[in-house]
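Please find below a note on the structure, arranged as numbered points. It is written to be read with the model in view.

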Amino acid sequence: MDALLADVLADLGVVGGRAVDLTGEPRPHVLGSPLDVAGCAVASVAACLTAAAELAHVRTGRRPEVAVDTGHVAAAVLSEALLRDPNGRALAGFAPLSRLWPAADGWVRTHANYPWHRAALLDVFGLPGRGDTETALAEAIAELPALEVERRVYDAGGLAVAARTATEWRRGDGGRAVADVPLVAFDQPGARVPLRAAPGALPASGLRVLDLTRVIAGPVGTRMLAALGADVLRVDPPHRPELPLHAVDGVIGKASAALEATGDSGQRMLHALVDQADVLVTGYRPGALRALGLEPEQVAERHPGTVVVTLSAWGTSGPWATRRGFDSLVQIASGIGWATSADGARPGALPCQLLDHATGYLVAAGALAALAERARTGRIRHVRLSLARTARWLLDQGVHDDTGGGQRWEPDRYRVPLGGGWTGIAPPGRLDGAALTWPHLPPRYAEAVLAWP
């Protein structure tokens, strides 16, 4: 893990205080995999906390000690699966049509959790939205080559990817687009703006983060910033409400509001929020926010003091950049599916949505590193990350035989009440021996006022 962490910190430009007090099994068995899932998970959390300690040092002159429990990290990267409602039940993670399907010459993975993605998938094959669509869809996909299914579904606005090996992915357009990109990439628009907020009890105390993200990666990063002291306001479009699981898991630690931003008044309100934000985190496809004036170069011109963190599925260049994507799809397209296959006949999967979670903690780490640079020099740095680049990072660690330690794992050690009868996992890590906690409990989706505290 030391080498993994050192590489990430080098990307972040964090050079001080690399010592992390690491406890627990190096590879908790719950994260057992032929790929180094546990190592990348722990390194991403440790990098986030180290970047937080560096920001604290810049703001206060003192760098807090960082401690990470690997068992807690394992629970954190399974947080959506470990979330429990007031009746003690887990919420569904994937819809029935979000799964692997055998095609005529291989395998295809679809994603149809949102109603509009489900409708697009079914429309491709002329299927109704009711009845035994699963059987009919299976028959339709089985008749076509995997790449043809991928093409048709994406052209229709749906989500489907053909299973590729890691070599096939790296040789293709999607893999080449992220091959030479840093894991956490920084751009410097050129503005010099002082950090406005006074320091407080936590590294990010008093800083404002506007969260325009959905579904695990972005929300994980922004809720970690909240646990580190930032005031986080998440804003969603009211006509695209969040799924029940993510309406809780995705707003922990934050204020959550809805805003129709397509009209003039909505855009004025959104830009008023951006103008007072220290960080804007976006999780939409590159170019998707241009009409709202929220692409990084537009923000740099109109709101020069705001750090922009852009998160995408496939990166910001190449023909895949404008495609929608989720962790499960990137796993299959990038070769992780075949690298984790149990029998070589059907693609496997990671024991958690590691691409989402690791990238989420790196989102927070990148934001913290950019804030430290802003506090130190006044320079603004924008941050870019992608699930596809995180997949490359994981695959670059190679395949190993160790599938996890044998010690009993007890996730309830890390469980905390979230209010309203809900329970979930506490934020991972300690600073100066003190456990991080979630603010803004209980989570209330889209109920907050559109204003900074």
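The points that follow take the sheets, a hairpin, the cavities and some backbone details in turn.

1. The reader should bear in mind from the outset that this is a predicted model.

2. One open sheet is built from four strands, and their order across it is 1-2-15-16. The pairing within this sheet is mixed. Its edges are strand 1 (20–23) and strand 16 (434–435), each of which pairs on one side only. The order of the strands in the sheet thus brings strand 2 beside strand 15.

3. Within that sheet, strand 15 (residues 430–431) and strand 16 run antiparallel and are joined by two bridges. To locate this pairing in the view, begin at Arg430, whose bridge partner in strand 16 is Ala435.

4. A helix accompanies the four-stranded sheet. Helix 2 (residues 37–60) lies across strand 1, strand 2 (66–69) and strand 15. With respect to strand 2, helix 2 runs at about 160°.

5. A second open sheet has three strands in the order 3-4-5, with antiparallel pairing. Strand 3 (100–102) and strand 5 (160–162) are the edge strands, each pairing on one side only. On average, neighbouring strands of this sheet are turned by 30° against each other, direction ignored.

6. Which residue of strand 5 is the bridge partner of Arg109? The partner is Val161. Strand 4 (residues 107–110) and strand 5 are joined by three bridges and run antiparallel. Helix 14 (residues 327–334) lies across strand 3, strand 4 and strand 5, and runs at about 20° to strand 5.

7. The note turns next to a hairpin. Strand 13 (residues 415–419) pairs with strand 14 (residues 422–425) in the antiparallel sense, over four bridges. Gly419 stands opposite Trp422 of strand 14. Two residues lie between the strands of this hairpin, and Gly420 takes a positive phi near 65° there.

8. How many cavities of 30 Å³ or more does the structure hold? There are four, and the largest has a volume of about 40 Å³. Helix 8 (166–171), helix 9 (173–179) and helix 17 (387–396) are the elements that give two or more residues to the lining of the largest cavity. The largest share, four residues, comes from helix 17.

9. The residues lining the largest cavity include Trp169, Arg170, Gly175, Val178 and Ser334, and also Ala388, Ala391, Arg392 and Leu395. By character, this lining divides into five nonpolar, two polar and two charged residues.

10. Two residues other than glycine deserve inspection for a positive phi. For Ile216, phi is near 75°. Ile216 lies in the loop between strand 7 (208–212) and helix 10 (217–227). Is Ile216 buried or exposed? Because its relative accessible area is 4%, and buried means under 20%, Ile216 is buried.

11. The other residue is Ala446, with phi near 60°. Ala446 is placed in the segment after strand 16. Its relative accessibility is 31%, so Ala446 counts as partly exposed, a class that falls between the limits of 20% and 50%.

12. The segment after strand 16 also contains Pro442. The peptide bond from Leu441 to Pro442 is cis, with omega near -5°.

How values were computed
Residues are numbered from 1 along each chain as its sequence is written. This is a predicted model: local features need pLDDT of at least 70, side-chain atom pairs count only at pLDDT 80 or more; totals for chains, interfaces and linings use all residues. Side-chain values use heavy atoms; hydrogens and water are left out. Two strands pair if DSSP finds at least two bridges between them. Contact means heavy atoms within 4.5 Å. Axes are lines fitted to C-alpha atoms, for helices over the stretch in contact, and angles run from 0 to 180 degrees between N-to-C directions. On a 1 Å grid over the protein atoms alone, a cavity is a set of points where a 1.4 Å probe fits but cannot get out, and a pocket is an open set with protein on both sides within 12 Å along at least five of seven lines; lining residues have an atom within 4 Å of a point. Grid points are joined across faces, edges and corners, and a volume is the space filled by probe spheres set on the points. Ala, Val, Leu, Ile, Met, Phe, Trp, Tyr, Cys and Pro count as nonpolar, Asp, Glu, Lys and Arg as charged, and the others, Gly among them, as polar. Buried means under 20% relative accessible area, exposed over 50%, partly exposed in between (1.4 Å probe, protein chains only).
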